[in-house]
Amino acid sequence: MSGRTDSGIEPEIAEVDTETAGSDMETAESDTETAGVDTEEQEGEARRARWTAAGTGGLLTLAGLAAALLRLTGSAPALVPAAYALGAAVCLLAAVLGLGGRTRRALWLLIAGTMVMALGDQFD
């Protein structure tokens, strides 16, 4: 092969069978009908993800606030209850974002808030 475009090789053109093309159209229409079921299922999964993010954020917020109040009344350094309160605030923000549909960001904020609370526990 010399790399020339006029090398004399012609592509083969296949004939289109009209009966096969008609059955392909029916298959495409049936795929469209089942796509509605997938959309409903995805909406259900998104709703569950929103409620899970909001519920988890709410629980972690309450746990962080309770731990902050308990550490505040004890003999722990001031940094410990502040870390718990900050972690609880981050988890509260995650709960709000989760209700708004930002579940991926909510997940990362839940992780960050929990890590802040765990870091605060290390100062004790």
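## A three-helix chain, seen from helix 3

Let's start on the surface, where Leu107, Trp108, Ile111 and Met115 come together as a nonpolar patch with about 450 Å² of accessible area between them. Keep in mind that this is a predicted model. One member of the patch, Ile111, sits in helix 3, which covers residues 103-122. Ile111 counts as partly exposed because its relative accessible area is 36%, between the cut-offs of 20% for buried and 50% for exposed.

**The overall layout**

Stepping back, the chain contains three helices and zero strands, and its pattern along the sequence reads α-α-α. Of the 124 residues in the chain, 19% are buried.

**The two sides of helix 3**

Helix 3 has 20 residues, which at 1.5 Å a residue should span 28 Å; the C-alpha atoms at its ends lie 29 Å apart, so the two values agree. Which residues of helix 3 are buried? They are Ala106, Leu110, Gly113, Met117 and Gly120. These residues cover an arc of only 90° around the axis, and therefore they lie on the same side of helix 3. Turned away from that buried side is a face with the exposed residues Arg104, Arg105, Trp108, Met115 and Gln122. Two names here may look familiar: Trp108 and Met115 also belong to the nonpolar surface patch.

**The nonpolar core**

In soluble globular proteins, nonpolar side chains tend to be buried together. Here, the largest nonpolar core is made of 10 residues: Ala53, Ala67, Ala68, Val80, Tyr84, Cys91, Ala94, Ala106, Leu110 and Met117. Helix 1, helix 2 and helix 3 are the elements that each supply two or more of these residues. Which helix gives the most to this core? That is helix 2, with four residues. Ala106, Leu110 and Met117 of the core are also among the buried residues of helix 3.

**A salt bridge between helices**

How many salt bridges does a search of the whole structure find? It finds one. In this salt bridge the side chains of Arg71 and Asp121 meet, at 3.2 Å from N to O. The pair joins distant parts of the chain, with Arg71 in helix 1 and Asp121 in helix 3, 50 residues apart. Arg71 is partly exposed, as its relative accessible area is 27%. Its partner Asp121 also counts as partly exposed, at 32% relative accessibility.

**The loops**

Ala78 belongs to the loop between helix 1 (18-73) and helix 2. Is Ala78 buried or exposed? With a relative accessible area of 66%, Ala78 is exposed, since the cut-off for exposed is over 50%. Further along, Gly101 lies in the loop that runs between helix 2 (79-99) and helix 3. Gly101 is partly exposed, because its relative accessible area comes to 39%.

Each of these loop residues can be paired with a residue elsewhere along the chain, as the table shows.

| Pair | Separation in sequence | C-alpha to C-alpha distance |
|---|---|---|
| Gly101 and Arg50 | 51 residues | 5.8 Å |
| Ala78 and Asp124 | 46 residues | 9.6 Å |

**Bringing it together**

Helix 3 takes part in several of these features: it contributes to the largest nonpolar core, it holds Asp121 of the salt bridge, and its face turned away from the buried side carries exposed residues, including Arg104 and Gln122.

Key
Residues numbered from 1 in each chain as written. Predicted model: local features only at pLDDT ≥ 70, side-chain atom pairs only at ≥ 80, totals over all residues. Heavy atoms only, no water. Patch = residues over 30% accessible without salt bridge, like charges linked within 9 Å, V, L, I, M, F, W, Y side chains within 5 Å. Areas by Shrake-Rupley, 256 points an atom, 1.4 Å probe, with all protein chains shown as cover. Salt bridge = Lys/Arg side-chain N within 4 Å of Asp/Glu carboxyl O. Buried < 20%, exposed > 50% of the residue type's maximum accessible area, 1.4 Å probe, protein only. Expected span 1.5 Å × (residues − 1). Arc of directions from axis to C-beta. Core = buried A, V, L, I, M, F, W, Y, C linked by side-chain atoms within 4.5 Å.
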